[in-house]
Amino acid sequence: MEILKANYLNTTTQAILTSSTDRAAYLFDRDVRFQYVSSGFNNDLTTSTIRVNFDETMTVSRLSLLEHNLKEYIFYYNGVTANTFVISGGDTTASSFISNSETSQYFRSTAILCTSVSIDMKKTITANKEKALGYLVISDTHIVLSRPPASKKYAIQLDPTEVVHTLSDGGTRIQNVADKYKVKLGYEYLATSVRDSLKTVWQLHTEMIFCPFGTTTSWDKVIFPCVWPGNFEFYRFSDDAAGAGFSGNIILKETPR
Amino acid sequence: MAETILSQIKAPNSYVFRRVLLKRKSAMTGLHESVWQDISSDVKTWGSIRREIDNVRYSKIKFGDVLMKFENSSGRYNPHEDDASFWFGYASQQRSLIKIEAGFTHSTLASDNIWTNTEYPSTPSVFYGIISGDLYNSDDNHVQFSIRPLLQVFRDYPAKNLTGFTSTGLTATQFFQMIRDQTDGSSNFIFRPFFGDTTTNWNIGSTSNIYANLNTNNSVDVFDKTVWDIMEKLAESEDKIIYVDNLGTFNFTTRDVTSTVAFHFLGNGFVDTEYGHTIKKVSKFGKRQTDFYSRVEVKWIDSNTFTAVRVKETAFAVTGSNDAWNLGHRTFKFENFWIPTITVADTILDNIYNNVTVLKNNIEFTSSFVPHIDILDRVRMSYDSSALNPTSRWDLFDWSADDTSTAQDLYWDRFRGDAIRLIGADFKILSIDLSLDKFETKIVAIEI
C-alpha cells in the first residue's frame with residue numbers, strides 16, 4: 001500500500017516521441033481509454049521510443065505502465081539502454097522484457113537518480129500492431145504502509161460523475177462524464193514514526209499517487225493521482241495506553257484530468 | 001451496429017464530454033495564438049449556452065452570456081500581469097477567444113489492446129465567444145468568466161471609425177462585406193480574427209437596397225452608433241437575421257427554416273428505434289396569445305403621415321369567427337427609418353403581418369442531451385400525454401366485438417389527461433438553452 005509523489009511526467013514537452021506527438025498528453029491522462037498509440041510502427045521489427053525528460057535530477061523507484069500491448073520492451077534511464085532498472089518483487093529483476101503478456105504492470109525498483117526515463121517498445125503481444133500505452137507513471141514513494149488496513153476499513157470505490165435523466169415516460173437515461181476513484185483507509189495502532197510520516201505527507205497539501213496493491217502480474221490496475229482532503233486524524237490514541245499507537249482515517253480522492 | 005450521433009443520443013448509458021478551449025492574444029501582435037488551449041480541468045461550474053432569435057420579440061436578438069466558474073487556487077486565472085497567470089506574457093484576458101465543445105464519446109477496445117475513441121458529433125463545437133466583462137477573484141478560490149457571443153466584438157467598435165463607405169451609400173451586403181474586410185489601416189483585420197481568420201466563416205446574404213446614409217462615417221446614421229447598432233438596423237430593414245452558429249460562422253441570412261428535419265423529438269406515448277425517447281418534460285405548450293396581433297404598423301419615415309406609417313390589419317367585425325374581435329384588436333408597432341422604399345416597407349409589413357396574425361403553437365420542452373441542433377432547425381415532435389386516442393370514451397375490448405367497423409367505437413382514456421397530443425408535428429427552433437452542467441437541452445420552438 002503505497003502513496004507516491006505526483007507523476008514526474010506531467011507536461012507534453014517532457015515527452016520525446018518517435019511518432020504521434022499529438023498523443024503525448026494521453027501518457028499521463030489517467031483515463032486509459034485514451035492511449036498513446038504509435039504511428040507507423042505496426043511492425044515488430046521497428047522500435048517506438050518514449051523518452052521522458054526531467055528538468056532536474058529526480059529519484060525514480062516506481063514505474064507503472066497501464067493498458068499497454070507490449071510483448072518485448074525495455075525501460076532505462078539517462079538515455080543509455082544498459083541503464084536498466086533493478087526490479088524487486090516481480091517476475092524479473094531487470095527492466096527488459098522479451099515475452100511479456102501482461103497489459104498493466106507496476107514496478108518497484110531500486111531508487112535511481114536520473115534525468116530521464118526511456119521506454120523502447122519493440123514488439124506487441126499481438127504481432128505487428130502499433131505500440132500502445134494508456135497511462136505511464138514515473139515516481140518515487142512518499143510512504144509505504146507496510147501493512148494494509150483491516151478489510152472493513154479499506155473502502156475503495158469508483159464514483160461516477162453522471163447525469164441521470166428521467167424521461168417523460170418515467171424511464172431513465174444515464175450520461176457519464178467521468179469515473180473517479182475514492183478511497184478511505186482506516187488504520188489503528190500506528191507507530192509514532194508512521195504517524196509522523198503520514199503527517200509529513202498530509203502537510204504537503206499537494207497531489208500524490210495512490211497504489212494499494214501494485215504488482216507486475218495480474219494487477220488490479222488500481223493506481224490514481226489524488227489529493228488528501230480534510231483532517232489529519234492520527235493524533236487519536238488507539239487504546240487506553242499512550243503507547244498503543246494511533247488511529248485515524250486517510251481519505252484520498254482522484255484529481256481531475 | 002454502427003454508432004452514430006443518433007444512437008449515442010438515445011443510448012440508455014453513454015459517455016459524454018465537454019471541453020472549454022482558449023486562445024490568448026499575443027502581447028506583441030495582439031493576434032490570437034494558433035493552438036487552442038484546453039482549460040476544461042479547471043472548470044467548477046459550466047453554466048448554460050443560450051442562442052435565440054425572434055423569441056422575445058420579432059427580429060430581436062438576445063445576447064446570452066455563458067457564466068463559467070474556474071478553480072483559481074493557483075492564480076492561473078489571475079490578470080495577465082500576474083506571473084502565476086496563464087496569460088502571463090500575453091495580452092489582456094479580455095477578448096480571449098473561447099470555444100466550447102460537447103458531445104458523446106464512444107470507446108471500443110480491440111483485441112490488440114488498443115482503444116478507439118470516436119466523438120459524436122464529429123465537429124462538436126457548440127459555442128464560440130470571447131471573454132468580456134468584469135473578472136473578480138474571491139477568497140473561495142474561484143473566478144467567474146463572463147463569456148459573450150462573438151457578436152460582442154461588433155458592440156465594442158464605433159461605426160464612426162469604419163472605413164470603406166462610398167458616396168452613393170451601401171447595400172446591407174456591401175456593409176457586411178466591409179465589416180468582414182475591415183482593417184486597422186495596417187492590413188490587420190479587425191473582426192475577421194474572431195471568425196476563424198477567414199472569409200469562409202462569413203455567410204452574408206445578398207441584398208440590393210441601397211442605404212444612402214451609409215455614405216460616410218460622419219453620417220447621422222453612423223457617427224454615434226456602434227457597428228452592432230447598424231447591423232441590427234440593417235437586419236430589421238432587410239427582414240433578415242444575424243446570428244453566429246455553433247460552428248462559429250457569422251450569418252446574415254433569411255429566417256427561413258431548414259427544409260429537412262434535423263431531429264425528431266419523441267416523448268411519452270411513442271416508440272422510435274431511430275431517435276429514441278428524448279423528451280423529459282414539456283413545460284409549456286399552446287398558442288401564445290400574447291404574440292397575436294391583428295394589426296401591424298411599420299413606420300419607416302420619421303413623420304406621422306399616411307405614407308410614413310404603413311398599416312395592415314385584419315378587418316374588424318363583431319362576429320364569432322373574427323380574430324380581431326375574439327382576441328383583441330392589438331397592434332404590433334415596428335419602427336425602422338433605414339427602410340429605403342415604401343415597397344420594402346410593405347414587404348416587411350406583409351412578412352410581419354403573416355407572422356403575427358396566425359396563432360401558432362409554441363412549445364417549451366426539456367430533452368436529454370442533443371448537442372447537434374441549432375436555431376432555425378426544423379424539428380419534429382411526437383408526444384402524447386396519455387396513451388390512447390383522446391377523442392374516444394369507451395374501451396374497445398368491451399364495445400367493439402359486435403361491429404367490424406371500429407370507427408364509431410368508444411375508448412376509455414387514461415385519466416392522467418390529454419393536454420398535449422403531437423404526432424410528427426414540425427416546429428422551428430427559436431431558442432436553445434444547453435446546460436453543460438446537467439447535459440440537458442431546453443428548447444423553445446414554434447409550429448411551422
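Student: How many residues of chain B are in contact with chain A, and how many residues of chain A do they touch?

Tutor: This is a predicted model. Contact here means heavy atoms within 4.5 Å. Counted that way, the chain B side has 33 residues, and they meet chain A at 28 residues.

Student: What area do chain B and chain A bury between them?

Tutor: The size of an interface is often given as the accessible area lost when the parts come together. Carbon and sulfur atoms carry 48% of the area buried here. The total for chain B and chain A is about 2500 Å².

Student: Which three residues supply more of the area that chain B buries against chain A than any other three?

Tutor: Together the three supply 24% of chain B's buried area. They are B:Tyr15, B:Asn113 and B:Trp115.

Student: How many salt bridges and how many residue pairs in polar contact are there between chain B and chain A?

Tutor: Take the salt bridges first. Their count between the two chains is zero. Polar contacts are another matter: with both residues at pLDDT 80 or more, the rule finds 24 residue pairs across the interface.

Student: Which element gives the largest share of the side of chain B that touches chain A?

Tutor: Five elements of chain B each supply at least two residues: α1 (5–10), β1 (13–23), β6 (97–109), β7 (115–120) and β16 (279–287). By type, the residues on this side are 13 nonpolar, 13 polar and seven charged. The largest share is five residues, and its source is β1(B).

Student: Do β13 of chain A and β1(B) run parallel or antiparallel?

Tutor: Strand β13 of chain A covers residues 172–190. Three bridges join this strand to β1(B). A:Ile174 stands opposite B:Asn13. The two strands run parallel.

Student: Which strands are the edges of the open sheet β11-β14-β13 in chain B?

Tutor: The sheet has three strands, and the pairing is mixed. An edge strand pairs on one side only. That picks out β11 (202–204) and β13 (241–244) of chain B.

Student: Which residue stands opposite B:Val244?

Tutor: Look at β13(B) and β14(B), residues 250–253. Four bridges join these antiparallel strands. Opposite B:Val244, in β14(B), is B:Phe250.

Student: What angle does the direction of α3 of chain B make with that of β11(B)?

Tutor: Helix α3 (residues 172–180) packs on the sheet. This helix touches β11, β13 and β14 of chain B. Its direction and that of β11(B) make about 165°.

Terms used
Residues numbered from 1 in each chain as written. Chains lettered and ligands numbered in written order. Predicted model: local features only at pLDDT ≥ 70, side-chain atom pairs only at ≥ 80, totals over all residues. Heavy atoms only, no water. Buried area = accessible area lost by both parts, 1.4 Å probe. Salt bridge = Lys/Arg side-chain N within 4 Å of Asp/Glu carboxyl O. Polar contact = N/O pair within 3.5 Å; in protein donor to acceptor, adjacent residues only side chain to side chain. Nonpolar A, V, L, I, M, F, W, Y, C, P; charged D, E, K, R; others polar. Pairing = 2+ DSSP bridges. Axes fitted to C-alpha atoms, helices over the stretch in contact; angles between N-to-C directions.
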